[in-house]
Amino acid sequence: MRRSVMTICGAICVGLGVSAGAMAQEVDSVVKKMRDSNTITMGYRETILPTSYLDDNKKPAGYAVEMCLRIIEEAKKELKLPDLKVNYVPVNIQTRQALVANGTVDIECGGTVNTFARNKQVDFSPVTYVAASQLLVLKSSGISKYEDLDGKVVVVATGGSSEPELKHIMQDKKLNIRVQNVDDHAAALIAVESRRADAYFSDNAAFFSLIKQSKNPDSLTIVGDEYGYSPQGFMVPKNNPAFLWIVNHAMAQMFKSGEAEKIFDKWFGPFGVKVGPKLRAAWETVSYAE
């Protein structure tokens with residue numbers, strides 16, 4: 001056990017530039033790339049307001065982006081790379097995991113639900129947001145609960161975690177629902193507003209930006225009991241212990257200092273959303289001592 005611990009610690013020390021004897025050449029790929037190119041590549045979403053989106057100046061912005069920039073500041077200090085540049089790469093539901101897994105993106109800052117299946121290909125940061133699946137519908141639809149979906153058309157995003165959840169609801173409640181797949185949230189909004197679909201089933205974190213993007217936001221509402229526990233985090237390439245340590249440490253610092261809650265309030269406060277008990281508990285769980 002002691003040897004295993006020393007091996008792990010050695011890998012982390014190497015990644016942070018600390019001498020570790022014969023292991024000095026074993027640097028994880030993300031740290032090596034940052035040192036060789038003096039850049040870090042951040043994946044961001046273009047339309048998920050207030051989490052990750054392009055602002056009016058076409059620059060990445062949002063809760064997740066700001067938190068990731070804090071992580072990058074930590075990387076600059078730990079790796080002694082004060083001039084480290086950020087390369088921004090847009091990702092979507094279909095491309096985000098693959099671009100992280102193949103090393104194109106060093107950290108994906110869009111808020112992806114952490115699942116065991118995804119952990120086969122990528123690693124995750126601590127929890128940044130706790131979402132749950134609900135329904136986005138037109139107020140005039142008459143839909144207020146899952147039972148109202150019987151005989152209706154419901155859209156889900158391809159590649160997301162909501163489709164298997166909807167299938168569970170259909171089985172549990174014995175509902176006859178026609179499920180249609182869409183490529184992204186924007187396509188789902190169009191489907192609902194044009195009445196090609198009766199509802200969009202997705203994690204409720206996505207609904208803030210969709211309602212704001214709508215030409216008639218007052219016509220939309222979020223209904224249905226919150227389904228499931230969907231903890232979101234930032235994806236990083238697998239087998240990068242030094243970089244993952246930097247991510248975890250930077251986030252723990254934000255959690256303990258109250259900075260994370262200030263960032264959350266800045267972006268979600270205008271929507272009337274506060275840090276909930278599940279998210280606070282997740283933050284406290286990883287707020288380790290130095």
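Is Phe268 buried or exposed? At 0% relative accessibility, Phe268 counts as buried, and the first close-up starts right there. One thing to know before you look: this is a predicted model.

**View 1. Tyr63 and Phe268 meet edge-to-face.**
Here are two rings whose centres sit 5.3 Å apart, with their planes at 75°, so the pair counts as edge-to-face. Tyr63 belongs to helix H3 and Phe268 to helix H9, so this pair ties together parts that are 205 residues apart in sequence. Tyr63 is buried, with a relative accessible area of 1%. For its partner Phe268, the value is 0%.

**View 2. Phe264 and Phe268 make a stacked pair.**
Stay with Phe268 and look at another of its ring partners, Phe264. The two rings lie 4.5 Å apart, centre to centre, with 25° between the planes. What separates these two residues along helix H9? Phe264 and Phe268 are 4 residues apart in helix H9, which means about one helical turn lies between them. Both Phe264 and Phe268 are buried.

**View 3. A cluster of rings takes in Phe268 and its partners.**
Now include the other rings. Ring pairs link Tyr63, Tyr129, Phe208, Phe264, Phe268 and Phe271 into a cluster. If you count aromatic pairs in the structure, you get 12. Keep Tyr129 in mind, as this residue comes back in the pocket view: Tyr129 is among the residues nearest the centre of the largest pocket.

**View 4. The largest pocket holds about 300 Å³ of space.**
Which residues lie nearest the centre of this pocket? They are Tyr129, Val130, Ala131, Asn204 and Glu226, out of 18 residues that line the pocket. Strand E8 (129-138), strand E12 (220-237) and helix H10 are the elements that give two or more residues to the lining. Strand E8 gives the most, with 5 residues. Sorted by class, the lining has 11 nonpolar, 4 polar and 3 charged residues.

**View 5. Glu73 and Lys76 form a salt bridge within one helix.**
On to charged partners. A search of the whole structure turns up 12 salt bridges, and this view shows one of them, where the side chains of Glu73 and Lys76 come together at 3.1 Å, N to O. Both residues are in helix H3 (residues 63-78), and they are 3 residues apart, so about one helical turn separates them. Glu73 is partly exposed, with a relative accessible area of 41%.

**View 6. Glu290 and Lys256 form a salt bridge.**
In this one, the N to O distance is 3.5 Å. The pair links distant parts of the chain, 34 residues apart: Glu290 is in the segment after helix H10 (277-285), and Lys256 is in helix H8 (residues 241-257). How accessible are the two partners? Glu290 counts as exposed, at 69% relative accessibility, while Lys256 is partly exposed at 38%.

**View 7. Glu261 and Arg280 form a salt bridge between two helices.**
The side chains of Glu261 and Arg280 meet at 3.0 Å, N to O. Glu261 lies in helix H9 (residues 259-268) and Arg280 in helix H10, so the bridge ties together parts that are 19 residues apart in sequence. Glu261 is partly exposed, with a relative accessible area of 26%. Arg280 counts as partly exposed as well, at 32%.

**View 8. Glu66 belongs to a network of salt bridges.**
Some salt bridges share partners, and in this view they join Glu66, Arg70, Glu259 and Lys266 into one network. Glu66 sits in helix H3. Is this residue, Glu66, buried or exposed? At 12% relative accessibility, Glu66 counts as buried. Leaving aside residues up to four places away in sequence, Glu66 touches Ile263, Lys266 and Trp267.

**View 9. Pro217 sits in a loop.**
The last stop is the loop between helix H7 (207-213) and strand E12, where you'll find Pro217. With 31% relative accessibility, Pro217 counts as partly exposed. How far is Pro217 from Leu138 in space? C-alpha to C-alpha, the two are 9.5 Å apart, although 79 residues separate them in sequence.

Conventions
Residues numbered from 1 in each chain as written. Predicted model: local features only at pLDDT ≥ 70, side-chain atom pairs only at ≥ 80, totals over all residues. Heavy atoms only, no water. Salt bridge = Lys/Arg side-chain N within 4 Å of Asp/Glu carboxyl O. Buried < 20%, exposed > 50% of the residue type's maximum accessible area, 1.4 Å probe, protein only. 1 Å grid on protein atoms, 1.4 Å probe; cavity = no way out; pocket = protein on both sides within 12 Å on 5 of 7 lines; lining within 4 Å. Points joined across faces, edges and corners; volume = space filled by probe spheres on them. Nonpolar A, V, L, I, M, F, W, Y, C, P; charged D, E, K, R; others polar. Contact = heavy atoms within 4.5 Å. Phe/Tyr/Trp six-rings, centres within 6.5 Å; stacked < 30°, edge-to-face > 60°.
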